[in-house]
Amino acid sequence: MSLPVVSKTTALLLTAVALAAAVGLDALFAGQGGWVDVGGFLIAVSPYEWALLGTGLVVGLSVVGAATGIFITGSSLIGAAVRAPRIRTKNLISVIFCEVVAIYGLIMAIIFSSKLVQGEPESRFSSDNYFAGFALFWAGLTVGLANLFCGLCVGVVGATCAVADAADPQLFVKVLIIEIFGSIIGLF
């Protein structure tokens, strides 16, 4: 029985995580765990930074999801078009659905940025601003991850649509409806 081969990058990452866990647990059990202050970190970071990080996450994750979906759909579309060249233009709708996922992320980023308001210097670190910053961060992370998985979903269904259309033209509309439902995940 042979052991699985682990790449150097994976081994380095696992070593770094194990070392960080060992140092953290040693500090915690030695009574010096006060430097691991999550609440202090959350308060030390400006609420505007949290809001901008959420806005960046919604754009970044949405674009990564759309790009991955386009890659999956495009590669299958090119492969299936070898067998049936008639599907080339008809199945570009799947690529457009993937691009729409990135547009959803951009629209949400515009909405998030409209919520950012320059406050007075004495009230920048108020509890209302912290609430708004944390809310925009978690909303950006949630919407970004939803669009990431939506892009993957649309890409896989679009690839299936291309292959199914190459095999049987009657299946195009049926699979396209499934792809529309997958694309709606990112909208809601």
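Q: Which helix holds I43, and is I43 buried or exposed?
A: In this predicted model, I43 sits in helix 2, residues 38-44. Its relative accessible area is 51%. The cut-off for exposed is over 50%, so I43 counts as exposed.

Q: Which residues form a nonpolar patch on the surface, and what is their accessible area together?
A: The patch includes I43, a residue of helix 2. V38, F41 and L42 join I43 in it. Together the four residues V38, F41, L42 and I43 have an accessible area of about 380 Å².

Q: How are helix 5 and helix 6 oriented to each other?
A: Helix 5 covers residues 92-115 and helix 6 residues 127-167. Their axes come within 8 Å and cross at roughly 170°. Angles over 145 degrees count as roughly antiparallel. Helix 5 is therefore, relative to helix 6, roughly antiparallel.

Q: Which residues of helix 6 meet helix 5?
A: Helix 5 brings S94, F97, C98, V101, Y104, G105, M108, F112 and K115 to this pairing. On the helix 6 side, they meet L136, A139, G140, V143, N147, C150, G151, V154, G155, G158 and C161.

Q: Is S94 buried or exposed?
A: S94 belongs to helix 5. Its relative accessibility is 0%. Under 20% counts as buried, so S94 is buried.

Q: Which residues does S94 contact, leaving aside neighbours within four places in sequence?
A: S94 is one of the helix 5 residues that meet helix 6. It is also among those that meet helix 3. Beyond its sequence neighbours, the contacts of S94 are T73, V154, G158, C161 and E179.

Q: At what angle do helix 3 and helix 5 pack?
A: Two packed helices are described by the angle between their axes and the distance between the axes. For helix 3 and helix 5, the axes are 8 Å apart. The two helices are roughly antiparallel to each other. Their packing angle is about 180°.

Q: Which residues of helix 5 meet helix 3?
A: Helix 3 supplies G54, T55, V58, V59, S62, V63, A66, G69, I70, T73 and L77. Their partners in helix 5 are L92, S94, V95, C98, E99, V101, A102, G105, L106, M108, A109 and F112.

Q: How many salt bridges does the structure hold, and which residues do they join into one network?
A: There are two salt bridges. One pairs the side chains of R86 and D165, at 3.4 Å from N to O. The other pairs D165 and K90, also given as 3.4 Å from N to O. Shared partners make one network of R86, K90 and D165.

Q: How many residues apart in sequence are the parts tied together by R86 and D165?
A: The two side chains meet in a salt bridge. R86 lies in the loop between helix 3 (47-83) and helix 4 (87-90), and D165 lies in helix 6. The pair therefore ties together parts whose separation in sequence is 79 residues.

Q: How many residues apart in sequence are the parts tied together by D165 and K90?
A: These side chains form a salt bridge. D165 lies in helix 6 and K90 in helix 4. The parts tied together are therefore separated in sequence by 75 residues.

Q: What is the relative accessibility of R86, K90 and D165?
A: R86 is partly exposed, at 40%. K90 is partly exposed too, at 33%. D165 counts as buried, at 0%.

Q: Which residues does A166 touch, not counting those up to four places away in sequence?
A: A166 is in helix 6. It is buried, with a relative accessible area of 11%. Its C-alpha atom is 9.1 Å from that of L77, 89 residues away along the chain. Beyond its sequence neighbours, A166 touches A80, R83, A84, R86 and I87.

Q: Which residues contact L116, leaving aside neighbours within four places in sequence?
A: L116 is in the loop between helix 5 and helix 6. At 27% relative accessibility, L116 is partly exposed. Its C-alpha atom lies 46 Å from that of G79. The contacts of L116 are Y48, A51, L52 and L136.

Q: How far apart are the C-alpha atoms of K8 and G60?
A: K8 is in helix 1, residues 8-29. It is exposed, with a relative accessible area of 76%. K8 and G60 are 52 residues apart along the chain. Their C-alpha atoms are separated by 28 Å.

Technical notes: Residues numbered from 1 in each chain as written. Predicted model: local features only at pLDDT ≥ 70, side-chain atom pairs only at ≥ 80, totals over all residues. Heavy atoms only, no water. Patch = residues over 30% accessible without salt bridge, like charges linked within 9 Å, V, L, I, M, F, W, Y side chains within 5 Å. Areas by Shrake-Rupley, 256 points an atom, 1.4 Å probe, with all protein chains shown as cover. Helix = DSSP H or I, 4+ residues; strand = E, 2+ residues; numbered from the N terminus. Buried < 20%, exposed > 50% of the residue type's maximum accessible area, 1.4 Å probe, protein only. Axes fitted to C-alpha atoms, helices over the stretch in contact; angles between N-to-C directions. Parallel < 35°, antiparallel > 145°, perpendicular 65-115°, else oblique. Contact = heavy atoms within 4.5 Å.
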